[in-house]
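Student: I would like to learn how to read a new model, one feature at a time. Could you walk me through it?

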Amino acid sequence: MSTVLEVSNLRKSFGGIAAVDGVSFEVVEGEILGIIGPNGSGKSTLFNCVLGQLRPNDGDVRIDGRRTTGMRPCDLNRLGVSRTFQLLQVFPQLTVRDNLILAGQEHQGSMLSRLIGPADAGLGEAADRMIAFFRLSHRADELAGALSYGQQKLLDVAMAFMAGPRLVLLDEPAGGVNLTLLSHLRERLQAYHVERKATFVVIEHQMEFVMALCTRVLVLAEGRIIAEGAPQEIRRDPKVIEAYLGH
Amino acid sequence: MNRVGAAAAVSIAIFAVAAPFFLKPFGIFMISMWAVLAIAAMGLNLTLGYAGQVSLAQGAFVGIGAYAVALLTQAGYPFVLAFAAAGGLCFAVGWILGYPALRVQHHYLAFVTLAFTTLVFLVLRNEEWLTNGIYGINGIARPAFFGWSTRPAPNFYFFSLGTLAVLSIATWWMLRSPWGRAFVALRENPIRALSLGLDTRRYTLMAFAIGSGLGGLAGGLYAPLVQFIEPSSFALGMSFNLLLMVIVGGSGYFFGPFVGALIAVLLPEWMRIAQGYYLIVYAALVIVMMAFCPSGILGLIDRVSKVVLRSRPTAAALGPRGSAQGSVHEHGP
């Protein structure tokens, strides 16, 4: 299987503090890689460097072999890389359907064709399918801001999938989600993974979620990778236990 | 647009067409001014209300457009060409002015655009070789099209109204397109928008440029309407007045600028009955309205209609704030 994401010796410092300190890893096609680590271990900074939100001080990011270090997030998205954020990031003044159309519209035609073409950019049916996939059909025409937190979380994840990405980076998708919705979210992510053969990288604190979803896990502590392997091995690794429990 | 909005639009259209037949020349001049300033306010509503970019430069763009038309028509160029040049020039200048918006936001951006307005005023006042300085430009001719002269007041009003209608339809089309959705996304969460593939840089510049272009076209009508222009007409006062129109009418509501321009143009005239106190009364009314209804007149109507209808909070029921497929994406603050 080909390598989709390749991160080499990535470094990012804020002042004198190295948030990401020489991190290297690869993600192969169809893999679901989990990244775990205690608070402040550099997970989100790593994501932001990979996704162009932050410019790394050093190191290289390659997607499908192409160097993408420092590339703008919108350009990365058009290369088939999508993401969610740690905090909810839906557009509350747009309907659920419009949120999803927005998430896919920049992949349709040119700037001019998006001005003179149909209002839904030809994505109305695709948006409805995605809404049905995440079981939000009964709320499709409501404003996103009127949805419950859990439903907004589902919408947030659905938006990341709307453009049919090749690589999806999910930053704490289970954060603040109740157990029922968590199992629904995991099941939908697995279904999407099977259906579309997409590659996922997931940052998550909820260990059960990571163990059930991911095929491989990386552990970060103080900006460095301290362990890597199958979920069950990671769970028993003394270095991981020490990093989490601090003894 | 919901049914109430459509009914309101048709009623306003009928009223607008019939109005000059019942008004004296000064009244026709005032409603012509409303049509002209509504175009400028519509442009500002696009930049501020939809795309969320604070601008205090719209009056300067009206000035640039007015001077462009005055100078070009007096140099012998046809009005249509001068009018297009006014819009095109302001589009280009607006695009350049949009660059600071890529770095600063909110009140910092307001100060950048405020400085621009002052700069334009100084150029209009000091560059006498081009603008005739404080003496201004007079005798600006009203255009004629295929033998139909707009010199009579009612004719110029209908010409202004027709231009307003065409530009409104074009703006409506743009706002219901993916561009409108992108502008709303830009206002609500630019970082998320960027991660979804939206080139926020390009959309920000476009929002500034199109809004400024509409300001320039409004200026292109303003010059032949008043037939005499001078720099102080386009100083900060006009930019603040246009901002007032957008805010009072309802920022981010498509028809907000139409209502706001109506109030800002006509109310001071109606209140002249209060003689020297009219500005005090007018200012007090604006303060009270902003305190109790910061979302403007249309925001107030929106809120009241929701209470009256007691409907469930669907997008359709939320009226112009919602954006069902194919609708214009509007919001309230």
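Tutor: Gladly! Let us begin with helix packing: axes are lines fitted to C-alpha atoms, for helices over the stretch in contact, and angles run from 0 to 180 degrees between N-to-C directions. Keep in mind as we go that this is a predicted model.

Student: How is a pair of packed helices described, and at what angle do helix H3 and helix H5 of chain A pack?

Tutor: Two packed helices are described by the angle between their axes and the distance between the axes. Here, H3 (residues 96-105) and H5 (residues 124-133) of chain A pack at an angle of about 115 degrees, and their axes are 9 Å apart. The crossing of H3(A) past H5(A) is right-handed.

Student: Which residues of H3(A) and H5(A) meet?

Tutor: From H3(A) come Val96(A), Arg97(A), Leu100(A), Ile101(A) and Gly104(A); on the H5(A) side they meet Ala126(A), Ala127(A), Met130(A) and Ile131(A). By class, the residues of this contact divide into seven nonpolar, one polar and one charged.

Student: Now chain B, please: at what angle do its helices H4 and H5 pack?

Tutor: H4 (residues 79-101) and H5 (residues 106-126) of chain B pack at about 145 degrees, with axes 9 Å apart. Their crossing is right-handed. Leu97(B), Pro100(B) and Ala101(B) of H4(B) make the contact with Leu109(B), Val112(B), Thr113(B) and Phe116(B) of H5(B). That contact has six nonpolar residues, one polar and no charged ones.

Student: Let us turn to strands. In what order do the four strands of the open sheet in chain A lie?

Tutor: To read a sheet, follow the strands across it from one edge to the other. In chain A the order is E2-E1-E4-E5, and the pairing is antiparallel. Strands E2 (17-28) and E5 (66-67) each have a single partner strand, so one side of each is left without a neighbour in the sheet.

Student: How many bridges join E1(A) to E2(A)?

Tutor: Nine bridges join E1 (residues 3-14) of chain A to E2(A). Phe14(A) stands opposite Ile17(A), and Ser13(A) stands opposite Ala18(A). The hairpin of these strands has two residues between them, and Gly15(A) there takes a positive phi near 65 degrees. On to the next pairing: five bridges link E1(A) with E4 (residues 58-63) of chain A, where Val7(A) has Val61(A) as its bridge partner.

Student: What about single residues: is Phe258(B) buried or exposed?

Tutor: Count the C-beta atoms around the residue; 20 or more others within 10 Å make it buried. Phe258(B) has 25, so Phe258(B) is buried. This residue belongs to helix H12 (residues 256-270) of chain B. Leaving aside neighbours within four places in sequence, Phe258(B) is in contact with Ile12(B), Ala38(B) and Gly249(B). Phe258(B) and Ile39(B) are 219 residues apart in sequence, yet 8.3 Å apart in space, C-alpha to C-alpha.

Student: And how many other C-beta atoms lie within 10 Å for His184(A)?

Tutor: His184(A) has 16, so His184(A) is partly exposed. You will find His184(A) in helix H7 (residues 179-196) of chain A. Its C-alpha atom is separated by 8.9 Å from that of Phe134(A), 50 residues apart along the chain.

Student: Finally, where in chain A is confidence lowest, and where is it highest?

Tutor: Confidence is lowest in helix H10 (residues 238-245) of chain A, at a mean of 80, and highest in H3(A), at 97. Chain A has a mean pLDDT of 92, with 99% of its residues at 70 or more.

Note on methods:
Residues are numbered from 1 along each chain as its sequence is written. Chains are lettered from A and ligands numbered from 1 in the order in which they are written. This is a predicted model: local features need pLDDT of at least 70, side-chain atom pairs count only at pLDDT 80 or more; totals for chains, interfaces and linings use all residues. Two strands pair if DSSP finds at least two bridges between them. A residue is buried if 20 or more other C-beta atoms lie within 10 Å of its own, exposed if 12 or fewer, and partly exposed in between; C-beta atoms are placed from the backbone. A crossing is left-handed if the near helix is turned anticlockwise from the far one by less than a right angle, and right-handed if clockwise. Two residues are in contact if their C-beta atoms, placed from the backbone, lie within 7 Å. Ala, Val, Leu, Ile, Met, Phe, Trp, Tyr, Cys and Pro count as nonpolar, Asp, Glu, Lys and Arg as charged, and the others, Gly among them, as polar. pLDDT is the predictor's confidence in each residue, from 0 to 100.
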